[in-house]
Amino acid sequence: MQSALLPTYARLDVTFVEGDGAWLVDADGKRYLDLFAGIAVVGLGHKHPAPLAAAQAQLEKLWHVSNLYWTEPMQELAAKLSVRFGGAQAFFCNSGAEANEAAIKWARKATGKTEIVALDGSFHGRTLGALSVTGQPAKRAAFEPLVPGAKFGLEHVGPETAAILLEPVQGEGGVHPLAPEALAHARALADEHGALLILDEVQTGVGRSGAFFAWETYGVKPDAVTLAKGLANGLPIGALLVSDDAPTGFEPGDHASTFGGNPVACAAACAVLDTIDDALLAHVRSASAQLAKGLAQFGDVRGLGLLLAVELDRPVPVEEALQHGLVIGSAGPNTLRLTPPLTLTAAEATLAIDLLTEIL
Ligand SMILES: *Cc1c(COP(=O)(O)O)cnc(C)c1O
């Protein structure tokens, strides 16, 4: 398609115009079952009434003031996130990469050290700082020199380490859950060397793992966590949460974001948090089990909650799936990635497996 957009994406030949729950509609009126949810973003499904009503009400009241003032939705969201975390303070921004940028700056300021240890295969975002700690050389190569101080592999943790930055499940890197021993080891290493443990839960957070934070499943509490994707069900928002037990690090003037904590995005996010209750989290775990069982016929299944992958013996047929009215994702050439809305019904999960059987 001829376009005035810079070609940073290899876009598929479909234009979506509407969404409702787990369903998308294209410009020709064709319906698709959405097992991708905009890469784990639209967690409650398209046009979910709770964030929709909250965002609409906020749009009628106040769109923006500077972060030099307080707003109610931002305060309310920070308080709700603090309760979920078990005591934390928030910095709000607009994306996952920005949340990780904030985390890196916070770790350097809080420790007075510069090195960040991440893992091979990780993904932390495309801005220069977040890219520097992304363990995928092919994504970094064209943009070097990047920010110094990034190391890949827990064997590099030492006295100069400011922070260890990990995804509980590597999402973009192929849906690889971290071994529980590895996360426990990272916690111990951080404590031993006076480093901070930061978990990038941009993809695993906000209920996708079957718990609000994936770290709850692992039983390893980080010093800070970053969130974005699912937090406002599709409106742009990112957050750095710093544990009340960790150093505050930042002082006024250290970091900022003009749009960060936008009232409309925060109002939607508050509604998302109110909707993600124990019943929905239990539903995520049962939908995960149902999908994983059905997917096992196609190859080895891995993942956590509704972040699932199947290793196929051929390239992921994303285009054929679209022809069959199914939206799927990939995470590597042969890795089928499914990140459906957390509200996917049992009937929709059954239909998804039936359609995949036709396609594969
Ligand atoms: C998507 C993602 C990011 C980057 O988020 P953006 O909003 O695209 O900047 C960072 N970390 C993880 C784990 C992600 O999945």
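Which residue in strand 2 is the bridge partner of phenylalanine 16? In this predicted model, the partner of phenylalanine 16 is aspartate 26 of strand 2, and the pairing belongs to an antiparallel arrangement in which 4 bridges join strand 1 to strand 2 (residues 23–26). The chain as a whole has 12 helices and 17 strands, and the points below move from its overall dimensions to its sheets, its salt bridges and two individual sites.

**Overall form**

- With 360 residues, a compact globule would be expected to have a radius of gyration near 21 Å, and the chain, at 20 Å, agrees with that expectation.
- The C-alpha trace spans about 55 × 50 × 45 Å when it is laid along the principal axes of the chain.
- Of the 360 residues, 52% count as buried, while the chain exposes about 16100 Å², of which carbon and sulfur atoms supply 57%.
- Among the contacts that join residues at least 6 apart in sequence, 72% are between residues at least 24 apart.

**The sheet that contains strand 1**

- Strand 1 belongs to an open sheet of 4 strands, which follow the order 1-2-3-15 with mixed pairing.
- The edges of this sheet are strand 1 (16–20) and strand 15 (326–327), each of which pairs on one side only.
- As general background, the strands of a sheet pair through backbone hydrogen bonds, in either the parallel or the antiparallel sense.

**Strand 12 and its neighbours**

- Strand 12 (residues 238–243) is mostly covered, with 6 of its 6 residues buried.
- The cover extends to both faces of strand 12, since Gly238, Leu240 and Val242 are buried on one side, and Ala239, Leu241 and Ser243 are buried on the other.
- Strand 4 (residues 88–93) pairs with strand 12 in the antiparallel sense over 6 bridges, and within this pairing alanine 90 has leucine 241 as its bridge partner in strand 12.
- Strand 11 (residues 224–227) also pairs with strand 12 in the antiparallel sense, here over 4 bridges, and the partner of leucine 227 in strand 12 is alanine 239.
- Leucine 241 and alanine 239, which serve as bridge partners of alanine 90 and leucine 227 respectively, are both listed among the buried residues on one side of strand 12.

**Salt bridges**

- The structure holds 9 salt bridges, and three of them are described here through their residues and surroundings.
- The side chains of lysine 109 and aspartate 254 meet in a salt bridge with an N to O distance of 2.6 Å.
- Lysine 109 lies in helix 4 (residues 96–111) and aspartate 254 in the loop between strand 12 and helix 9 (263–275), so this pair ties together parts of the chain that are 145 residues apart in sequence.
- Both of these residues are partly exposed, lysine 109 with a relative accessible area of 37% and aspartate 254 with one of 24%.
- Lys109 and Asp254 are also linked with Glu251 in a network of salt bridges.
- Lysine 151 forms a salt bridge with glutamate 115, in which the closest N and O atoms are 3.3 Å apart.
- Because lysine 151 lies in strand 6 and glutamate 115 in strand 5 (residues 115–118), this pair ties together parts that are 36 residues apart in sequence.
- The two partners fall into separate accessibility classes, for lysine 151 is partly exposed with a relative accessible area of 31%, whereas glutamate 115 counts as buried at 17%.
- Glutamate 311 forms a salt bridge with arginine 302, the closest N and O atoms being 3.0 Å apart, and glutamate 311 counts as partly exposed at 31% relative accessibility.

**A buried loop residue**

- Threonine 71 is placed in the loop between helix 2 (49–59) and helix 3 (72–85).
- Threonine 71 counts as buried because its relative accessibility is 9%, which lies under the 20% cut-off for that class.
- Leaving aside residues up to four places away in sequence, threonine 71 touches Leu62, Val65, Gly261 and Pro263.

**A nonpolar surface patch**

- Leu128, Phe143 and Val147 make a nonpolar patch of about 280 Å² on the surface.
- Within this group, phenylalanine 143 has its place in the loop between helix 6 (137–140) and strand 6 (150–152), and strand 6 is also the element in which lysine 151 lies.

Definitions and conventions
Residues numbered from 1 in each chain as written. Predicted model: local features only at pLDDT ≥ 70, side-chain atom pairs only at ≥ 80, totals over all residues. Heavy atoms only, no water. Patch = residues over 30% accessible without salt bridge, like charges linked within 9 Å, V, L, I, M, F, W, Y side chains within 5 Å. Areas by Shrake-Rupley, 256 points an atom, 1.4 Å probe, with all protein chains shown as cover. Salt bridge = Lys/Arg side-chain N within 4 Å of Asp/Glu carboxyl O. Buried < 20%, exposed > 50% of the residue type's maximum accessible area, 1.4 Å probe, protein only. Pairing = 2+ DSSP bridges. Rg over C-alpha atoms; globule rule 2.2 N^0.38 Å. Contact = heavy atoms within 4.5 Å.
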